[in-house]
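This briefing is meant for a reader who is meeting the structure for the first time. Please look over the sequence and the model before turning to the points that follow.

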Amino acid sequence: RGLSVSEIMEQVIVVKRSLEDPDRLKNIVLMGMGEPLANYDAVLKALRNLVADDGMNFSHRKVTLSTCGLVPEIKRMGQDITVNLAVSLNAADDETRTFLMPINRKYPLNSLIRACREFPLPNRRMITFEYILINGINDRNQDITRLSKLLSGMRAKINLIPLNASPGSEMSPPPMKRILHFQ
């Protein structure tokens, strides 16, 4: 289920209270088990409370929302609030991305990248593209070329994340040499 505004805010408050120095909490990323933009109204209200002067007063620069790529909500968020955007990309072609992320069937790369290119970015800000490297699936030389072309001209940074291997999974992270080559 989608969390309520108060449940989202409570998570931040509990973490802040648990710290010896509560002022150490400077960055917030909305991500994890679930898609924040699928709970748009509650997440937007929580974001507004987080950055409001009379709220928790976090800097807009220090608050990031990570999404799998719900295109209409990305566009809406760009109009409704200024926070950082991170997108789980994980592939630079539709076939691979659909295999890894079925949401790509509904919002293919061309519409996702268009929404990202149109996303309003204040000076010196970039969109973060999260890219989980998976051996033999999205770490090939052609993937490097496609990714470079896909994001060319964008104010973007890529967060390369080697896959965390798990028992029973056929997928594995690439060898370190391959990760460094991709980087």
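A residue is called buried when its relative accessible area is under 20%, exposed when it is over 50%, and partly exposed in between. The model described here is a predicted one, and a search of the whole structure finds five salt bridges and zero disulfides. The points below take up some of those salt bridges, then the cysteines, and lastly the surroundings of one asparagine.

**Salt bridges around Arg76**

- Asp41 and Arg76 meet through their side chains in a salt bridge, with a distance of 3.1 Å from N to O.
- Because Asp41 belongs to helix 2 (residues 40-51) and Arg76 to helix 3 (residues 71-80), this pair ties together parts that are 35 residues apart in sequence.
- Asp41 has a relative accessibility of 47% and therefore counts as partly exposed, and Arg76, with a relative accessible area of 36%, is partly exposed as well.
- Arg76 also forms a salt bridge with Asp80, in which the closest N and O atoms are 3.9 Å apart.
- Arg76 and Asp80 are separated by about one helical turn, because they are four residues apart in helix 3.
- Asp80 is partly exposed, its relative accessible area being 28%, and a network of salt bridges links Asp41, Arg76 and Asp80.

**The salt bridge between Arg146 and Asp93**

- Arg146 and Asp93 form a salt bridge whose closest N and O atoms are 3.2 Å apart.
- This pair links distant parts of the chain, 53 residues apart, since Arg146 is in helix 6 while Asp93 is in the loop between strand 3 (84-88) and helix 4 (94-100).
- The partners are placed in differing surroundings, for Arg146 counts as partly exposed at 34% relative accessibility, whereas Asp93 is buried with a relative accessible area of 12%.

**Cysteines without a disulfide**

- Why does Cys68 not form a bond with the closest cysteine sulfur? The sulfur of Cys68 is 12 Å from that closest sulfur, which belongs to Cys116, and this is too far for a bond, given that a disulfide needs the two sulfur atoms to be within 2.5 Å.
- Seen from the other side, the closest cysteine sulfur to that of Cys116 is the one in Cys68, again at 12 Å and too far for a bond.
- Cys68 counts as buried at 18% relative accessibility, and Cys116 is buried too, with a relative accessible area of 2%.

**The surroundings of Asn138**

- Asn138 lies in the loop between strand 4 (127-133) and helix 6 (141-150), and because its relative accessibility is 0%, Asn138 counts as buried.
- Where do polar atoms of the Asn138 side chain lie with respect to the backbone of Ile132 and Ile134? One such atom lies 2.6 Å from the backbone oxygen of Ile132, and a polar atom of that side chain lies 2.7 Å from the backbone nitrogen of Ile134.
- Leaving aside residues up to four places away in sequence, Asn138 touches Asn90, Thr96, Leu100, Tyr131, Ile132, Leu133, Asp143 and Phe182.

Terms used
Residues are numbered from 1 along each chain as its sequence is written. This is a predicted model: local features need pLDDT of at least 70, side-chain atom pairs count only at pLDDT 80 or more; totals for chains, interfaces and linings use all residues. Side-chain values use heavy atoms; hydrogens and water are left out. Helices (H or I, at least four residues) and strands (E, at least two) are DSSP runs, numbered from the N terminus. Buried means under 20% relative accessible area, exposed over 50%, partly exposed in between (1.4 Å probe, protein chains only). A polar contact is a pair of N or O atoms within 3.5 Å; within protein, one must be able to donate a hydrogen and the other to accept it, and residues adjacent in sequence count only if both atoms are side-chain atoms. Contact means heavy atoms within 4.5 Å. A salt bridge is a side-chain nitrogen of Lys or Arg within 4 Å of a carboxyl oxygen of Asp or Glu.
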